[in-house]
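Dear colleague,

I am passing on to you the structure we spoke of, with its sequence, so that you can look through it at your own pace. Please open it beside this message, since the notes below are meant to be read with the structure in view.

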Amino acid sequence: MRLDSCYCAHEPQALLLAQPLEINRLNVSFIKTSFRPGGSKRRQVLGAGGGKKILHSEKAGLFMTHQKLIERKQTETALQPIDLSGNDVLAKVKEYLKKGVEALWERHRQGASGFEIVEGYTALIDGFIKALFEKAESGVRSQESGGKKQETAVVALGGYGRGELNIKSDIDLMLLYSGGGILQSGPGPYIEKLTQKILYIIWDTGLDVGFSTRSVKECISLAKDDLKTKTAILDARFIAGEKAVFDEFRERAQKEIFREKNIEKFIREKTDESKARQAKYGGSVYILEPNVKEGDGGLRDIHTALWVAKAKHGIGSIDALAERGFLLRDAAERLKTSVDFLLKVRNELHFESKKKTDQLSFDHQEKMARAFGFEDTKESLAVEKFMRQYYRHASDISYFSTLIINRCIHGPVSPQPSRCKTEKGIDKDFKICDGVLTLAHEKAFEDSPVNIMRAFEDCARLGATMDNFTRDRIIRNRFRIDEKFIASKEAGESFLNILKSGRASETLQEMHRLKVLERYMPEFGDITCRVQHDMYHVYTVDIHSLFTVRELEKLKSDEYKKKFPLLAQIMEEVKQPEIIALSVLLHDIGKSLGKGHAEKGAELVPKICGRLGLSDDNIAAVKFLVKNHLILADTAQYRDLHDERLIIEFAKQVGDAERLNLLYILTFADVRAVGPEVWTQWKATLFQELYFKALTVLERGTFEIEEAKTKLPAIMRGVAELLQGEIGKDAVEDYFQLLPQRYFLANGAETIVEHIKIVHQLNDKPCIMRVKQNLERQYSEVTLCTLDAHGLFSKITGVMAANNVNILGAQINTLKNGVVLDVLYVNSSTAEIITDDRKWANVERDLTDVLTGKAAVERLVSRRGPSILDKKAKPKVHTRVDVDNEVSDAFTVIDIHTQDRIGLLYTITSALSKLGLYIHIAKIATKGDAATDIFYVKDIFGQKIYYKERLKEIRKAIFEALGEEAPKQDEE
């Protein structure tokens, strides 16, 4: 069945019952309702062969009348109408429902539309409820000999009332009775017996049914003060019983509930409810695990829009919105396609999970991708392709739903610009009308397509928003953004003016919402709604890029000037803000091309920048920033910042101080825009340390390593002076012989003094632990001094893991006399500073017990069991183990990228210890559910590891420790 042939389910306020003509495993036919201009509607029988027959027409009101039963064809394969005669009623009902659901499951698997399945299930339940009511009513009448029959009607509410019923969804029913005559004081014995007979069967079906019994008067009274009941009235649909009761109900609802003076309040309440709902479910279309029904861009958004349209204008469908001028026809078709997709996703969720579930969790996403026919490729995973399609449809639903509500409030699309109370001309094409930008005449974009870009430029320059008329005209004229437009010098200048306006973020987001950005910059269209299937990247690539521009612009705000003064000052000194803004916008442009996105994105830059008319120098600057936008963060987080040669190589790669400044603020904006809580004070510390060290090298003007021999004597003299009177000069000189030169170059004199004092206090103690709080940077510095032992660092990491202490990084220093001086940078498992003295006392006690043999570290680690969150399904992180002998002159560097888990650091360090490797530096980084642990190691002889077989052995052992098998290519 074609999409447009089954679009009657999505008329939640005025829905005609879609009654099945016949249901079997191969064929389900339905009735379609469509609207004609002027509010009339026609009903069409849609058979398997697509034939149509107009049954009749009637005027559409607040509610649609119930469709009379249509005689079903009797065939061997058809599911017969349910027969509830006899005593085995429950068995018959279960068989009827089972066969009906199986038929719908088959149709779903064959590719039936989302609308077709929800219509089919609605029709299936209708058949059961109608037959059940008739049997119950007949039974009560036979028992009430001589009594008067009370007028009742069975009414469907909620998604069932809208005819949008998913398998396993709630079925909301109401037994409605008249409020006059003999029922003045409420339901009598007749109603009570009827209710009992209906519920007796319903409760045993396994269906999730919500059932209420109310009088017409009670419904109207309750709806006046209850938003949920008021909304339910809009969804109400007659199923069985006395039609006159339902007619009385709808007439009173129209007069008493949906009077014109009440509608504005209803709309305000629904929009406030919608905002609260969206915030509760993530506040964005692009969250990692969206809720298909309640989230931003979910089905509830279009329900809300149609409730508003129905209450305000009596419009009950997307088609009717188009006919009445509230949507363009192509927009209506696009919206219906998106709603159908989400219905189909929800159908699959319910079929696959065999229960009502609307959260599109990671495990469901992967299964869904396979069910929808997506496959992995080199460029992207199947699940990423599926979620990209989901986000495209969800973003359309979010956008069009907001547009419908706005137009319902302010009026449909007008063929003329707005009439103004106050007006200020800009030029012959634009003006400010009552504080918003509008067109001076309706042909502005037809006469000069570049005015589309100028409209956004004027908004950015003047700090104005567009009116709906201007937006509508842009949508109508988007097709004019062709190759000529894209190559236009005027359009390029206008776009660059937007980037340097100080309001680029807001303007670019509006361009993105109106689908102008992706037409003007097709390369950006390639990353639109593109997903990265992990726990780190909260937003799609396009939204992340736009948020990165927003973070960049926030550096000019008072808030960011106080929080990030250095970065704000650098931003203030940027000579061409449009260049950094463009670089930020394009930094992930290569993610549509697969791995190596930075390099691939850089190759796209000259073409994009050439169209914008940038100079060669500016093109080179943008290309450099796109190509190298990861190096500052990667170097700071994954490499030893005390390695002077590393700093010099980094500075050499950057080239000059101006580019370093741009790279620093781009890195800041990029990390801040990834998602909540991704930017931490620890990362800020690392980034700033690398920035200043590289800046020192660039300002020095030479890329030569400074001679350590000339620096060490001065450092030693400074330390001896600070210790004068406490520790003698000879002891200081001895200490300088016990550690490598890099230790003294990496630490300041005050730190070295503290360490010497701790070492001298060790004596016969099992260990000494000192904790220094860095409140500004939100981490604790833990200094541990003890005697060296095999696997010592592994034991330390085990104790920390057992106490929920998160290690961010570590410097491991082993003195030549066998004393170990380790410095750990730590915070809590929730990334907060640990200031509880009792917790630190527990850590010190556990560490002492482990070092003295009183406790086994394995037992301490095992006592920390997994939480509910640890058991939650997450995207698979593929383990990668890389060994690098080039990055450091002194150490072999082992990079391990794997799924984060409890005790991971302990597991890895235990494996390295068993391999006879000595860890000197540890760098720990976590991105969502992926952990990257870097270790600078030497062998038992204090040498780097070069032997190929030994390196293979190390990699294999690490994979085995992580419970995985090393890739085959590692064995070749």
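What follows goes through a helix and the cores, then the two sheets, and then the salt bridges.

Please keep in mind throughout that this is a predicted model.

A good place to begin is helix α13, which covers residues 382-410 and whose 29 residues should span 42 Å at 1.5 Å a residue; its end C-alpha atoms are indeed 42 Å apart, which agrees. This helix is mostly covered, with 22 of its 29 residues buried, and just after α13 comes Gly411, which takes a positive phi of about 110 degrees.

The largest nonpolar core holds 157 residues, and the members that touch the most others are Leu327, Phe495, Leu508, Ile580 and Ile665. Helix α13 gives the most to this core, contributing 14 residues. If you would like one residue to centre the view on, you might take Ile665, which touches Leu552, Leu555, Leu567, Ile570, Met571, Val574 and Ile580, leaving aside residues up to four places away in sequence. Apart from this core lies another, made of 50 residues, including Val799, Val826, Trp840 and Leu905. As background, nonpolar side chains in soluble globular proteins tend to be buried together.

Turning to the sheets, one of them is an open sheet of eight strands in the order β11-β12-β14-β13-β17-β18-β16-β15, with antiparallel pairing. Its edge strands are β11 (767-774) and β15 (880-884), each of which pairs on one side only, and the twist averages 15 degrees from one strand to the next. At the β11 edge, eight bridges join β11 to strand β12 (residues 779-787), and the two run antiparallel; to find this pairing in the model, you can look for Asn774, whose bridge partner in β12 is Tyr779.

Another open sheet has four strands in the order β6-β5-β4-β7, and here the pairing is mixed. Strands β6 (209-215) and β7 (237-241) stand at the edges with a single partner strand each, so one side of each is left without a neighbour in the sheet. On average, and with direction ignored, neighbouring strands of this sheet are turned by 25 degrees against each other. Strand β4 (residues 152-157) is joined to β7 by four bridges, the two running antiparallel, and Ala153 stands opposite Gly241 in β7. How, then, is β7 placed with respect to the rest of the structure? Four of the five residues of β7 are buried, so this strand is largely enclosed by the rest of the structure. Helix α4 (residues 189-202) lies across β4, β5 (171-177) and β6, and runs at about 175 degrees to β6.

Lastly, there are the salt bridges, of which a search of the whole structure finds 52; I describe three of them here.

Lys98 forms a salt bridge with Glu102, in which the closest N and O atoms are 2.9 Å apart. Because these residues are four apart in helix α1 (residues 89-109), Lys98 and Glu102 are separated by about one helical turn. Lys98 is partly exposed, with a relative accessible area of 46%, and Glu102 also counts as partly exposed, at 22% relative accessibility.

The side chains of Arg277 and Asp301 likewise meet in a salt bridge, at 2.9 Å from N to O. This pair links distant parts of the chain, with Arg277 in helix α8 (residues 260-280) and Asp301 in helix α9 (residues 299-313), 24 residues apart. Both Arg277 and Asp301 are buried.

In a further salt bridge, the side chains of Lys757 and Glu726 meet at 3.6 Å, N to O. Lys757 lies in helix α35 (residues 749-762), while Glu726 lies in the loop between α32 (708-722) and α33 (729-738), so the pair ties together parts that are 31 residues apart in sequence. Lys757 counts as partly exposed at 30% relative accessibility, whereas Glu726 is exposed, with a relative accessible area of 52%.

Finally, salt bridges that share partners join Arg277, Glu294, Arg300 and Asp301 into one network.

With best wishes

Conventions. Residues are numbered from 1 along each chain as its sequence is written. This is a predicted model: local features need pLDDT of at least 70, side-chain atom pairs count only at pLDDT 80 or more; totals for chains, interfaces and linings use all residues. Side-chain values use heavy atoms; hydrogens and water are left out. The expected span of a helix is 1.5 Å times one less than its number of residues. Buried means under 20% relative accessible area, exposed over 50%, partly exposed in between (1.4 Å probe, protein chains only). A nonpolar core is a set of buried Ala, Val, Leu, Ile, Met, Phe, Trp, Tyr and Cys residues joined through side-chain atoms within 4.5 Å. Contact means heavy atoms within 4.5 Å. Two strands pair if DSSP finds at least two bridges between them. Axes are lines fitted to C-alpha atoms, for helices over the stretch in contact, and angles run from 0 to 180 degrees between N-to-C directions. A salt bridge is a side-chain nitrogen of Lys or Arg within 4 Å of a carboxyl oxygen of Asp or Glu.
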